[in-house]
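Here's a quick tour of part of a fold, with the sequence and structure to follow along. Keep the viewer open as you read.

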Amino acid sequence: MTRRLLPLALTLPLLAGCDPQGLDLYSPTDARDYVRSCARARSDIMCRAMQPTLAAVSGPVSVLLPNNGDTEREEALTRFLAGRGTTLAAFRSDAALQAAFARANIFPVAQLRTGTFRTLDGTPHEVTCTDETSGLAPECQIGPLGGVDHLHYRKPQADSLYATSPKTAGQLIFFPF
C-alpha cells in the first residue's frame, strides 16, 4: 500500500507548485489576459513591455506578437535595438522605450479587417484579411507582417491577439518603434 501511495505523495507537492496560467493548458480570455499570462515567463520581454500600455488603454485592442519563441523574440529585439544604438538592458529599464514598442504593436480595435488601421502610436497600416468561410481564424496581411488571430475562437467576447510572422525571411518580426 505504501509503495502505491509514494508516487502520488511525490507528485502532489510538484503539482501544487505549478501556476495554472503557466501551463500550456491555460486558455486566455482576451488579449490582455494572454499578455499577462505570457509576461509571467522570465524570458518574455515583449509581453512584459506591453503590460503597462495595455493597462492604460480602455476599450478593445488587437495585439501583435511574433509567432515564435521567447529566445527568437529577444534576439530580434536585440538586433533592432543595436541598430538604434541601444541595448536590450537599456530597453528592460526604460519604460518609455517599452511603451513605444507597445504602442507600435497594438491597434485600438477588437479585430482587424481589410482596410487601413492605426496603431496606438498613430502609424497607419494597410490590412488585408481573408474571408472567414471555414470557421477558422482569418489570415491577415498587416503591412509587412502576416498574422492569425489566436483568440478568434472566442469572438465576440474577446479582443484579438495576432501571432505574426514576416512576409519575407529576415524581415523584422514586429513593427519598428
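## A strand and a helix

V63 in β1 sits across from I106 in β2. This is a predicted model, so take the picture as such. Those two strands, β1 and β2, run antiparallel and pair over two bridges. β1 also pairs with β7 (residues 160–166), this time in the parallel sense and over five bridges. One of the residue matches there is S62 with S160.

Here are the pairings of β1 side by side:

| Partner strand | Sense | Bridges |
|---|---|---|
| β2 | antiparallel | two bridges |
| β7 | parallel | five bridges |

How many of the residues in β1 are buried? Five of five, so the strand is mostly covered. In a regular strand, side chains alternate between the two faces of the sheet. In β1, S62, L64 and P66 point one way, while V63 and L65 point the other, and all are buried.

Now for the helix. α3 spans residues 45–56, and its buried residues are I45, M46, C47, A49, M50, T53 and L54. What do they pack against? The list takes in β1 (62–66) and β2 (106–107), along with helices α2 (31–39), α4 (70–83), α5 (88–93) and α6 (95–104). At the N-terminal end of α3, D44 acts as the cap, with a side-chain oxygen 3.2 Å from the backbone nitrogen of M46.

Finally, a look at α2, where you'll find D33. D33 counts as buried because its relative accessibility is 5%, and the cut-off for buried is under 20%. Its C-alpha atom is 9.7 Å from that of Q51, although D33 and Q51 are 18 residues apart along the chain.

Methods. Residues numbered from 1 in each chain as written. Predicted model: local features only at pLDDT ≥ 70, side-chain atom pairs only at ≥ 80, totals over all residues. Heavy atoms only, no water. Buried < 20%, exposed > 50% of the residue type's maximum accessible area, 1.4 Å probe, protein only. Helix = DSSP H or I, 4+ residues; strand = E, 2+ residues; numbered from the N terminus. Contact = heavy atoms within 4.5 Å. Polar contact = N/O pair within 3.5 Å; in protein donor to acceptor, adjacent residues only side chain to side chain. Pairing = 2+ DSSP bridges.
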